[in-house]
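Please open the model in your viewer and keep the sequence panel beside it, since each stop on this tour begins with a selection.

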Amino acid sequence: MLIGAIEGGGTKFICGIGTTEGEVLERISIPTTTPEETLDQAMSFFANKGVSALGIGTFGPIDVNPNSSTYGSVLGTPKPHWSGYRILEHVRSHLDVPVVFDTDVNAAALGESLWGAAAGLNSCIYMTVGTGIGVGAIVEGKLIHGMTHPEMGHIAVRRHLHDSYQGNCPYHGDCLEGMASGPAVEGRWGTKAIELNDAHAAWDYESYYIGQALSNFILVLSPERIILGGGIMSQAHLFPRIREQVKMQLSGYVQHPNLSENIDNYIVPPALGHNAGLIGALALAKQAIR
């Protein structure tokens, strides 16, 4: 049985054909332009491929409430032309198969829980730190949904003592995304994160804000594993810094071997690597079959 997957990003849409065991057999990458142009190319890829279901994990914010009149739509986004666009309606007009529609980070969290770093566990969070910051969460084996999807990338954070940067989130200024995303690093230091050496002060700030966020997530959700992906987290030296910040900020309040003895295996990179989003969309498609 073949299933389809779409990982929708602000820069590119990655479309894939795979199996219900998470194996990707074929893929293409499509530049994200207008919704019509991007989705028409995606639908051309899936035409006559014989997929039995499709999973879509896309950038947000999106409406994931099936009872909503705007279900399957992009909500307010800075991405030109995409606000209000009905992605699910467009897809269903071309493909007559079951479709599951969710955020890219929820898809990645689901993929990692089935076939990646959180396989066999009952809960996890997947956090991407890149152009934006997003978080997907699995609790008791299920993705978290409420009146909308969680927006944990926009939580309030305490400012680092030496940080005068005002933040770049257009909605909140100095929220987590506004202080620790890739554009925030570039805005604060005047250069891209990838160009900064390992000893740069930028990483002290990054580990402080990310560690603070993870401490909050641990206190609220108590996940069994935390998975950190995205472009910023390709800086492998950040992981030990973040782990130390988590221990420091929790101050021993949460007593568990994952934090005291096994933190290197608790806060980890995605086992699925850069494929977490696409394989996660396959995991969504697998849900559609069930």
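Two strands are said to pair if DSSP finds at least two bridges between them. With that in mind, and remembering that this is a predicted model, select strand E1, residues 3-8, and centre the view on Ile-6, which stands opposite Ile-56 in E4. Strand E4 covers residues 54-58 and runs parallel to E1, the two being joined by five bridges.

Keep Ile-6 in view and add strand E2, residues 12-18, which pairs with E1 in the antiparallel sense over six bridges. Within E2, Cys-15 is the bridge partner of Ile-6, and the connection from E1 to E2 is a hairpin of three residues. Is strand E1 mostly covered or mostly open? Five of the six residues in E1 are buried, so that, with buried meaning under 20% relative accessible area, the strand counts as mostly covered.

Next, select Met-127, Leu-176, Leu-214, Phe-217, Leu-228 and Ile-267, which have the most contacts inside the largest nonpolar core, a set of 40 residues. Among the elements that each supply at least two residues of this core are strand E6 (124-129), helix H5 (182-189), helix H6 (202-221) and strand E9 (226-229). Helix H6 gives the most, with 10 residues.

Now centre on Leu-228 and show its surroundings: leaving aside neighbours within four places in sequence, Leu-228 is in contact with residues including Met-127, Ile-210, Leu-214, Phe-239, Ile-267 and Pro-270.

For the last stop, select Ala-107, Ala-108, Cys-124 and Ile-138, which are included in a second, separate core of 28 residues.

Technical notes: Residues numbered from 1 in each chain as written. Predicted model: local features only at pLDDT ≥ 70, side-chain atom pairs only at ≥ 80, totals over all residues. Heavy atoms only, no water. Buried < 20%, exposed > 50% of the residue type's maximum accessible area, 1.4 Å probe, protein only. Helix = DSSP H or I, 4+ residues; strand = E, 2+ residues; numbered from the N terminus. Core = buried A, V, L, I, M, F, W, Y, C linked by side-chain atoms within 4.5 Å. Contact = heavy atoms within 4.5 Å.
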